Amino acid sequence: MDRFLTPTATIWSGVAATKFRAPRQRRELVPRESLVEHAARFALERRVTLVCAPAGFGKSTLLLQAAATLAGRAETAWLSLDEDDNDVNRLFVSLLGALRGVELEWEVDPQTIASQVQEAGPRARAALAALINALSSYQGERLLLVLDDLQRVTDEDAQRLLADFIDLLPPEVGVLIGSRIEPALPLARWRARGETGEVLMRDLQFSATDLRALAAARHASGMSVLLSELDLEQALTRTQGWTAGLQLVLGAADRSAVESMQPVVDRTAGRHLFDFFAQEVLAGLPPDLHDFLLQCAVLPELSPALCKAVTGREDADRVLEELYRRSLFLTALDESVPVLRFHDLFLEFLQMRLAQWSPGLERELHARAARAESVPLRAVAHWLRAGEWTQAIALMQECVAPLLAEGGQSTVQRWIAQLPAEIVRHDPDVAHLQALCAWAQWDFERVVEHLQRAVAGYREQQREAERMRSFALLPRAFNAIGRLAEATRALAEADALPLELPQRMICDGARAWQGLATGDLASSVSALLRIVEHAERNPGLLRPAIDDHFNCFMFGLSETDAALRALRQICRREVERGASWQIEAMAWTWWPEFRRGERKEAEIALDKLDEVTRRLSMVPALRLNNAQAQAWFAAARGDARGAVAQELNTLQALADLGVDSLVATWRRATVCSLAHYHWMAGDREALRALLPVLSPPLEPVEWPFVSTGRLAFLGRLAFLEGRLDEAEAQLDEAVRHQGRAPMPTFFGDVRLSLALLQTQQGRRADAWAAFEPVLVDALQTDCLGPLLMESAACIDALLALMPPAMRDGAPMQALLTRLSAWRDAAPVEADSATVPAALDVLSEREREVLAHIAAGDSNKLIARALDLSLHTVKRHVANILAKLDCTTRGQAAARWRNTP
């Protein structure tokens with residue numbers, strides 16, 4: 001069973017729990033058995049059941065009654081949508097919240113899933129797939145997700161996300177929707193497939209029988225005047241069966257409201273008719289209840305504590321009970337407390353009347369509500385509506401960490417948009433919030449801009465603790481966009497500041513990257529060792545110090561290997577307790593095994609990395625990392641074409657981030673790697689095609705090793721084109737650059753290219769002088785990586801230069817044995833006619849299973865899709881691996897994907 005059986009509680013720490021709680025049914029509800037059974041039947045059988053009608057027609061009541069009728073036949077998860085759900089991230093978080101009480105198996109921690117859903121795009125689709133995978137583990141007969149008030153979701157991306165979600169639902173999961181308007185969902189397509197059931201306004205309109213039953217129930221409870229059959233008939237005709245209008249007519253204090261209805265109906269209808277009768281009802285209340293209602297109109301929910309804070313009444317719980325007894329368009333979310341919610345129509349009416357009753361009071365009421373509100377996100381909204389900017393910003397800062405942990409930066413940005421422009425321009429706290437939001441979107445150019453404003457503002461206000469909090473983030477942001485000189489200065493300044501330990505850890509994380517970028521490997525190793533030392537004692541300090549240290553650039557050098565292995569071990573221990581995706585990525589990085597040339601261990605590690613990336617496919621950093629790992633692996637096994645294909649995936653993943661500043665810094669670094677694979681394949685034309693990209697000199701925002709890679713590319717291209725003197729000059733210069741700005745392993749070692757050139761010129765002594773240090777370093781550091789990143793022909797030619805005494809030594813023989821293991825695993829070139837034959841050994845069922853493996857499905861998902869037992873699936877997987885001579889699922893999946 002997977003680790004995550006239920007979503008983590010922290011993800012909804014800022015969300016009102018009542019969003020996920022079905023309201024209580026009123027005791028005086030009219031039983032409408034045929035309508036309820038009609039809706040319930042749709043909910044059981046159809047993918048989507050839509051209850052659509054204007055406000056006040058009893059949609060929520062029908063949803064409640066249908067869900068209650070299905071008790072025992074279906075499990076229900078409830079979500080009341082509100083204005084906070086009107087973006088992709090918050091809607092997704094709310095969907096997760098609605099499912100938190102359902103027993104599902106989560107391959108990925110839901111908070112990690114939510115953190116990557118910030119806008120529509122590949123990341124949102126991947127996160128949606130993870131949610132669908134969890135829903136596919138549902139073991140019950142029917143799960144019904146109720147979405148009430150869907151009209152509140154108007155954002156196009158959020159609507160598209162919901163449409164995709166519904167399209168992908170497994171057969172045992174259905175959606176029951178309540179909306180005032182027909183939602184912007186692909187209803188026509190679902191209707192054509194027979195997947196939609198609909199209950200519309202004509203179905204919800206009260207009949208004469210319904211109205212008589214309602215009138216009798218209200219009169220029996222003492223909440224309505226006794227109306228004659230003629231009165232009821234006129235009310236039904238004039239309201240056209242509109243539930244809200246009928247409720248108000250029946251709630252009138254005397255017959256005068258009923259008798260005055262005719263001229264009003266002649267002039268108006270709908271919203272204005274409701275306002276007319278609501279005014280009649282409000283005017284009939286005792287003054288204390290009248291004032292209580294208007295003051296509480298600023299609250300999304302009415303609890304005794306909040307109502308007491310807003311109205312000042314100590315008996316708020318008793319008043320709420322009295323209001324609910326009067327049936328004044330209030331829904332009970334919890335009758336025992338009680339917690340109530342106004343009907344939307346009535347709330348809008350009360351808010352309009354509040355503005356007329358006491359202009360200016362609304363802001364003060366919001367301030368009172370903010371002080372008492374226990375849900376932080378609602379409290380922020382109250383402070384903003386109160387115009388209390390200082391309090392709003394202070395609470396935003398408390399909310400920002402958990403919000404960003406679940407991808408909620410759009411919520412923070414919406415809050416900031418409600419602040420006065422002058423405050424946004426000059427308040428350092430706001431600048432810090434903006435920097436954190438930009439960081440979550442990988443936009444480090446804007447991160448730097450906002451952090452610099454925050455640091456300057458805090459310095460001016462002499463707020464040293466806050467200044468250091470912002471300043472500690474600057475070096476990492478500078479590094480990300482290649483502003484290395486500024487990163488160096490910032491780190492030097494940080495050394496002189498009394499930073500707290502977490503802030504120093506962040507700076508050490510940046511210093512480790514800075515050392516790689518500038519060639520100061522001693523500084524990089526020292527920083528990594530300090531992180532290891534502190535993390536051993538307190539693993540909670542790992543993040544954000546090592547957020548991106550799993551990257552291949554970090555592992556690409558011998559000097560950093562030991563420290564990174566130690567850090568990886570700490571992260572592996574943390575994964576066992578449940579950890580963030582950054583720590584899990586670090587725990588399962590495969591680079592150390594590859595660098596040492598441990599083929600079997602590397603294959604197993606790569607398969608684990610591939611599995612982690614599949615589960616966390618919504619995280620773009622992992623897609624980048626895995627694509628590069630797959631490219632390395634393909635190149636080391638002699639499959640240069642496969643390496644090129646994977647590196648093109650890396651470039652696409654980089655482009656998908658949609659952040660120009662990151663692309664400007666990292667695109668050519670990736671293209672240098674792509675060029676190296678073309679070099680390994682001896683593909684002169686493909687290499688020449690990269691000339692427009694790689695020939696320009698280093699840009700200020702690029703890391704120095706790109707210059708080394710660029711010179712290596714120019715030298716290798718000249719070598720393949722027979723311009724040998726030019727090639728040697730470029731490669732010589734590249735070797736000198738490599739000494740100052742070492743390249744990670746996946747670029748190869750330029751000295752090998754230079755030695756090969758000299759070998760072909762018959763200059764064996766010069767070639768050995770270039771090659772020997774690489775070979776000696778491989779022996780001393782037990783690192784085979786650079787030798788794997790050259791073609792077999794190149795390495796064979798260079799190994800032939802080795803003196804016999806060195807070749808015959810035990811260390812060299814061990815290294816050559818490991819090298820030959822990669823050669824033995826190299827793919828055999830086959831034409832398209834022979835490739836399918838390799839799969840002919842599989843049965844038809846085994847091919848179906850393999851197709852699901854290649855799609856990334858777990859054994860449990862395969863079992864459900866093919867209607868097999870889990871044991872049978874495991875047996876098929878074992879047979880597939882044995883027949884295809886594969887050791888891992890990843891290898892088998894690759895065989896399937898490479899089949900034309």
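**Close-up views of a predicted model**

**View 1. R530 sits in helix α30, residues 521–537 (helices are DSSP runs of H or I, at least four residues, numbered from the N terminus).** This is a predicted model, where local features need pLDDT of at least 70, side-chain atom pairs count only at pLDDT 80 or more, and totals for chains, interfaces and linings use all residues. Residues are numbered from 1 along each chain as its sequence is written, and side-chain values use heavy atoms, leaving out hydrogens and water. With a relative accessible area of 31%, R530 counts as partly exposed, because that class lies between buried (under 20%) and exposed (over 50%), using a 1.4 Å probe and protein chains only. Beyond its neighbours within four places in sequence, R530 contacts M505, D508 and R511 (contact: heavy atoms within 4.5 Å).

**View 2. Here is the largest nonpolar core, with 224 residues.** Such a core joins buried Ala, Val, Leu, Ile, Met, Phe, Trp, Tyr and Cys residues through side-chain atoms within 4.5 Å. F165, W590, Y677 and F705 have the most contacts inside it. A second, separate core of 60 residues includes L63, L248, A316 and F329.

**View 3. The second largest cavity holds about 60 Å³ of space.** A cavity is a set of points on a 1 Å grid over the protein atoms alone where a 1.4 Å probe fits but cannot get out; lining residues have an atom within 4 Å of a point. Among the lining residues are C672, H676, R716 and F747. Helices α39 (660–681) and α42 (705–720) each give two or more residues to this lining.

Terms used
1 Å grid on protein atoms, 1.4 Å probe; cavity = no way out; pocket = protein on both sides within 12 Å on 5 of 7 lines; lining within 4 Å. Points joined across faces, edges and corners; volume = space filled by probe spheres on them.
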